[in-house]
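Grab a viewer and work through these exercises at your own pace. Each one sets a task and then walks through a solution.

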Amino acid sequence: MRAYLPAYDLQTPANLAEALRLLADAPGVWKPFAGGTDLMVLLEAGKLAHKQFISLWHLPELRGISITDDSITLGAMTTYSQVQTHPILQREFPLLCQAASWTGSVAIQNRGTIGGNIANASPAADSLPALLVYEAELELVSARGARWVSYQSFHTGYKQMAMRSDELIKAIRLPRTTNQWIQHSRKVGTRKAQAISKVCIAALAKIENNTIHDIRLAFGSVAPGPLRCVQTEAVLKSRAIDDATIKDARSALAAELTPIDDIRSTAEYRLRVAGNLLAEFLAGNGIDFHSDR
Amino acid sequence: MSTNQTQIVGQSIQRKEGRDKVTGAMRYVDDLLFPEMWFGATVRSPIARGRIRSIEFTGNLPWHEFTIVTAKDISGQNCTALILDDQPCLADKFVNHAEEPVVLLAHPDKYLLEEARRAVKIDIEPLPALFTMDDALNQTEIIWGDDNVFKTFLVEKGNVDDVWASADFIVEGEYETGAQEQLYIEPNGMIAMANADDGVTVWGSLQCPYYVHKALLKLFGLPPDKVRVIQAATGGGFGGKEEYPSMIAGHAALLAWKAGKPVKLIYDRAEDMAATTKRHPSRTRHRTAVNKDGKLLAMDIEFVIDGGAYATLSSVVLSRGTIHAAGPYACDNVRVRSKAVATNHPPHGAFRGFGAPQSIFALERHLNKVAATVGLRPEELRRRNFLHEGQTTATGQVIREKLDLDGLLTRALELSDYHAKKERFAEHNATNATQKKGIGFATFLHGAGFTGSGERFLESVVGIEATATGNVCILVASTEIGQGTNTILSQIAAEALRLDYEMIELAQPDTANVPNSGPTVASRTCMIVGKLVESAALGLKQTLVQSGLLTDDYSLDEWRQACAIYIAEHGALKSFSKYEAPPNIFWNDETYQGDAYGAYAWAVYVAEVTVNLVTYETRVDDFVALQEVGKVINPVLAAGQIEGGVAQAIGYALYENVVWDNGTMRNNQMTNYIMPTSEDLPPIRVFFEENPYTYGPSGAKGIGELPMDGPAPAILNAIESAIGVRVNCIPLLPETLMKVMNA
Ligand SMILES: Cc1cc2nc3c(=O)[nH]c(=O)nc-3n(C[C@H](O)[C@H](O)[C@H](O)COP(=O)(O)OP(=O)(O)OC[C@H]3O[C@@H](n4cnc5c(N)ncnc54)[C@H](O)[C@@H]3O)c2cc1C
């Protein structure tokens with residue numbers, strides 16, 4: 001442990017209102033501490049700059065999964081283990097369940113939360129491309145009240161979010177509209193488990209008679225944040241799936257992604273493999289690109 | 001009850017310390033607490049090479065409460081004594097690699113200690129540094145000695161230069177291997193107590209108590225009986241705890257001496273990865289003359305390794321790599337020229353295989369190229385060149401054992417279903433655009449024990465002592481580091497004395513109490529130390545027989561009685577045994593010719609892979625490891641050694657990449673240094689053949705390092721068979737494969 005522990009403070013407010021009051025009274029002083037699976041790594045390395053935290057672990061208002069005919073709403077503190085075992089999520093939102101199953105290991109999945117994944121805002125976060133293609137909405141709460149925002153516009157730059165320092169993510173709402181779509185995701189990590197994504201894809205499509213009627217594509221680890229690829233989607237809409245379409249989609253995607261070289265991979269690799277993943281998805285649902293996948 | 005009939009050697013008897021390890025009862029160095037113990041920390045150089053201008057203690061910290069040690073506090077010689085003593089214990093005027101220790105701190109509060117570590121500012125005037133073997137060889141800077149070269153070797157058999165003109169083919173190739181992190185489960189750590197009256201005592205995670213002992217003697221200028229080294233339970237070593245613990249022990253002892261308190265110095269994973277030794281990176285060039293029939297006429301090999309900033313063990317790593325470079329093949333003309341060069345990386349060090357994985361990687365890749373050039377299948381080329389009894393290795397060592405590499409290869413190819421798979425994969429690959437399957441193998445050897453005259457110089461001694469109850473204690477400095485030393489040595493003693501396994505125990509390795517049985521390295525513990533345990537045990541029995549207390553055929557009760565009577569009369573019953581080289585073993589250090597090792601283990605490993613052309617990832621789908629190792633003492637432990645080694649070597653081949661940035665390891669976390677998990681590993685199918693070795697205990701040879709040698713070339717040979725592309729560097733990451741395939 002490289003951190004100087006006496007310098008840190010962790011409060012456990014009795015309820016959500018008290019937590020929000022702490023955030024409101026001293027804006028920027030307190031930061032949320034959810035599962036701690038991102039924060040503890042920084043603490044151990046002596047790199048956790050922020051010192052004062054509010055624990056959210058025990059707040060019932062941030063937990064639970066509720067269902068209506070139109071949507072399913074996850075408390076921000078929903079863990080990856082809870083996501084994976086939920087029957088409706090399994091049936092209608094398999095991409096989120098898959099991402100949860102890729103995340104870290106069982107211990108991390110028992111502790112890590114979807115809200116934490118969003119607010120940590122890593123470009124490599126695994127569940128965020130799924131939330132993008134499901135067109136999630138976020139409920140943000142503060143002492144001043146609650147508001148719903150579209151997740152599409154939530155990440156505004158590298159680790160930048162459209163959220164005030166007195167706000168918390170309370171819930172994530174997923175519209176139940178994509179059940180009939182073809183759903184596909186794949187993570188290319190540094191290894192099979194306990195891995196950070198080098199590139200990952202989440203894709204939804206409505207395809208009939210080899211023609212793409214609608215499509216949603218999102219990638220991780222190829223831009224400053226998780227990226228919904230609207231231009232590539234536009235190129236693909238109403239097109240028949242053939243080699244020319246795949247080629248056009250690849251170039252549109254290449255223009256849309258801004259990957260970098262880092263400790264885990266190269267921009268060149270991310271760009272090419274993102275294109276390959278897209279081609280694999282399209283080919284798998286159209287032409288016979290390759291025989292066994 | 002007598003166990004006279006029961007064989008103990010050859011049984012998978014439970015590990016001596018297994019229960020304590022799985023229940024958590026085992027106490028590692030970080031579990032040990034001493035009254036009034038302080039904690040220590042190391043402040044290291046932030047850059048690779050330079051002159052230290054000043055050291056400042058900044059920030060609002062109670063510096064007077066800290067014990068601060070620099071090079072000035074060293075009473076003896078400022079070195080970490082090993083072979084050349086060129087590595088300082090603490091950098092004095094100059095630093096020669098990033099993470100080189102400069103200042104030591106101790107304080108009772110370990111959290112405050114971390115704050116203090118950050119607040120020490122070492123101001124260094126940078127000097128130009130070297131990071132590549134080429135720069136070292138071209139002497140773009142001189143950073144060590146006159147020429148940046150720690151050591152060179154020349155092995156010569158016949159004359160390669162006479163052959164080139166008459167060869168049908170000359171095949172050349174260049175092969176590279178990267179650094180590899182050790183990743184033993186338990187990071188390094190030491191506790192020291194030290195003062196003028198009692199001298200220096202250290203407890204720690206280590207492989208070689210007497211190496212640490214020797215280093216502390218020099219550092220403090222104390223007589224041998226004033227330094228005591230005790231091994232605590234050790235969570236893995238792989239060679240990584242062969243030399244570096246001498247440095248940490250020195251640091252802990254310097255702090256303890258000055259503080260007047262016991263000091264505990266534990267590395268966290270990040271520090272251990274950044275600062276301690278890794279496997280030597282290497283480059284090998286082959287030039288091979290071969291005739292139309294595939295007979296190797298000449299092998300000209302140049303082998304270079306990057307030793308890092310100080311000599312440490314590079315010369316001996318180079319030696320083993322050099323001797324293994326020509327593999328298990330009979331060739332009349334061989335020349336191996338090798339060099340260990342200096343760079344400004346943290347010193348590379350001992351690591352399972354010790355130079356052999358590097359040069360064997362090159363050879364086993366190269367032979368596939370030779371085979372392709374001649375138009376032979378890789379197995380056929382090898383069959384035409386295998387060593388047989390009576391033939392000689394590159395160093396002129398005559399093979400005196402019954403050696404059947406042909407049979408070993410045939411069996412390995414059968415076990416892996418090699419030929420049928422080759423055909424099936426060809427069909428599969430013709431119709432599948434994104435998943436390419438391949439199968440490949442490597443054939444190799446690994447010498448057990450110290451190289452050349454090493455064992456003669458070591459003169460290892462083993463002791464064994466019986467108690468009045470008839471139980472027996474083995475006295476060795478050979479350490480249990482997870483590989484099963486305690487268990488197999490107990491089995492060997494129990495077998496020799498025909499006692500129950502439970503009656504045997506091992507003394508804690510403590511230089512005040514056990515003789516120097518040599519370092520726990522070089523696949524020597526079973527074969528060399530085990531043999532000494534066997535003879536010392538027989539010595540015990542002999543003493544009792546000669547005293548008339550025992551006949552040659554005895555029951556357990558008779559044994560116990562005999563021990564009780566003998567001890568009552570003489571006070572103690574002990575027997576010691578000292579290494580003597582087997583007859584007919586000669587080595588010439590001048591010419592580098594002769595019997596390089598007492599015995600070799602022989603192996604054929606087969607890897608099956610799928611290369612995914614969407615992601616350029618390679619997955620190893622199946623792995624067969626077949627080896628001839630003399631006698632298997634404990635099948636479960638032996639298979640465990642092989643499986644672990646293969647897993648480690650799969651990491652070496654496909655995953656583990658040290659990201660260097662001006663001589664600093666950037667990815668010193670397990671998140672970004674990619675060691676394969678169980679999810680990434682194939683079934684590892686282990687098979688043994690037994691051909692007892694006369695001078696090993698019950699016929700056993702060494703196996704610890706062997707499994708590190710073969711997997712990387714087998715895997716790259718399989719990748720070549722899958723995609724038809726030749727790649728000759730490891731680690732082979734998907735990023736590299738993508739580049740090669742789209743070049
Ligand atoms: C070993 C290991 C493996 C991992 N593997 C993966 C992986 O494969 N894929 C992956 O995507 N991630 C991985 N992670 C990262 C991590 O587990 C996830 O990002 C997780 O979702 C974080 O959630 P948490 O609740 O633990 O967040 P915390 O660590 O508690 O918080 C993370 C950040 O979010 C903020 N925050 C948390 N909750 C809220 C909220 N409700 N409102 C506002 N802000 C909030 C915190 O202030 C902090 O800045 C791994 C981590 C570890 C340690």
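**Exercise 1. Work out how chain B is split into domains, and describe how domain 1 of chain B meets domain 2 of chain B.**

Step 1. Keep in mind that this is a predicted model. The domain assignment of chain B gives domain 1 as 18-25 + 460-578, domain 2 as 32-127 + 182-275, and domain 3 as 282-451 + 590-741.

Step 2. Check the spacing: from the C-alpha centre of domain 1 of chain B to that of domain 2 of chain B is 35 Å.

Step 3. Now go for the contact itself. On the domain 1 side of chain B there are 13 residues, and they touch 18 residues of domain 2 of chain B. That domain 1 side is made up of six nonpolar, six polar and one charged residue.

**Exercise 2. Find out how many residues each chain puts into the contact between chain B and chain A, and which helices of chain B take part.**

Step 1. Count both sides: chain B gives 27 residues and chain A gives 27 residues.

Step 2. Look for the helices on the chain B side. Both α2 (110-119) and α18 (734-741) of chain B supply at least two residues there. The biggest giver is α2(B), with four residues.

Step 3. Sort the chain B side by class, and you get eleven nonpolar, nine polar and seven charged residues.

**Exercise 3. Do the same for chain A: list the domains, then say which parts of chain A surround the ligand.**

Step 1. Chain A divides into domain 1 (5-55), domain 2 (60-175) and domain 3 (182-284). The C-alpha centres of domain 1 of chain A and domain 3 of chain A are 36 Å apart.

Step 2. Head for the ligand. Around it are 29 residues, of which A34(A), G35(A), G104(A), G116(A) and N117(A) come nearest.

Step 3. Ask which domains are involved: domain 1 and domain 2 of chain A each put at least three residues into the shell around the ligand.

Step 4. Zoom in on the elements. At least two shell residues come from each of β2 (31-33), α2 (39-44), α6 (106-111), α7 (114-120) and β10 (168-175) of chain A. The largest share belongs to α7(A), with five residues.

Step 5. Finish with the classes: the shell has 13 nonpolar, twelve polar and four charged residues.

**Exercise 4. Take the open sheet of three strands in chain B and name its edge strands.**

Step 1. The strand order is β4-β2-β6 (chain B), with antiparallel pairing.

Step 2. Each of β4 and β6 (120-126) of chain B has a single partner strand, so these two are the edges and one side of each has no neighbour in the sheet.

Step 3. Zoom in on one pairing. β2 (residues 50-57) of chain B runs antiparallel to β4(B) over two bridges, and G50(B) sits opposite V95(B).

**Exercise 5. Decide whether S75(B) is buried or exposed, and say what it touches.**

Step 1. Place it: S75(B) is in the loop between β3 (67-69) and β4 (94-95) of chain B.

Step 2. Count neighbours. S75(B) has 12 C-beta neighbours inside 10 Å, so it counts as exposed.

Step 3. Setting aside residues within four places in sequence, the contacts of S75(B) are F220(B) and G221(B). S75(B) and F220(B) are 145 residues apart along the chain, yet their C-alpha atoms are separated by 5.5 Å.

Step 4. Stay in that loop, which also holds D85(B). D85(B) isn't a glycine, but its phi is positive, at about 60°. With 15 C-beta neighbours inside 10 Å, D85(B) is partly exposed.

**Exercise 6. Describe helix α17 of chain B and what follows it.**

Step 1. α17 (residues 711-723) of chain B has 13 residues and spans 18 Å between its first and last C-alpha, close to the 18 Å expected at 1.5 Å a residue.

Step 2. Check burial: 13 of the 13 residues of α17(B) are buried.

Step 3. Right after α17(B) comes G724(B), with a positive phi of about 70°.

Step 4. Look for the cis peptide bond between I730(B) and P731(B), where omega is about 0°. P731(B) lies in the loop between β28 (729-730) and α18 of chain B.

Definitions and conventions
Residues numbered from 1 in each chain as written. Chains lettered and ligands numbered in written order. Predicted model: local features only at pLDDT ≥ 70, side-chain atom pairs only at ≥ 80, totals over all residues. Domains from an automatic or database assignment. Contact = placed C-beta atoms within 7 Å. Nonpolar A, V, L, I, M, F, W, Y, C, P; charged D, E, K, R; others polar. Near = placed C-beta within 6 Å. Buried ≥ 20, exposed ≤ 12 C-beta atoms within 10 Å, placed from the backbone. Pairing = 2+ DSSP bridges. Expected span 1.5 Å × (residues − 1).
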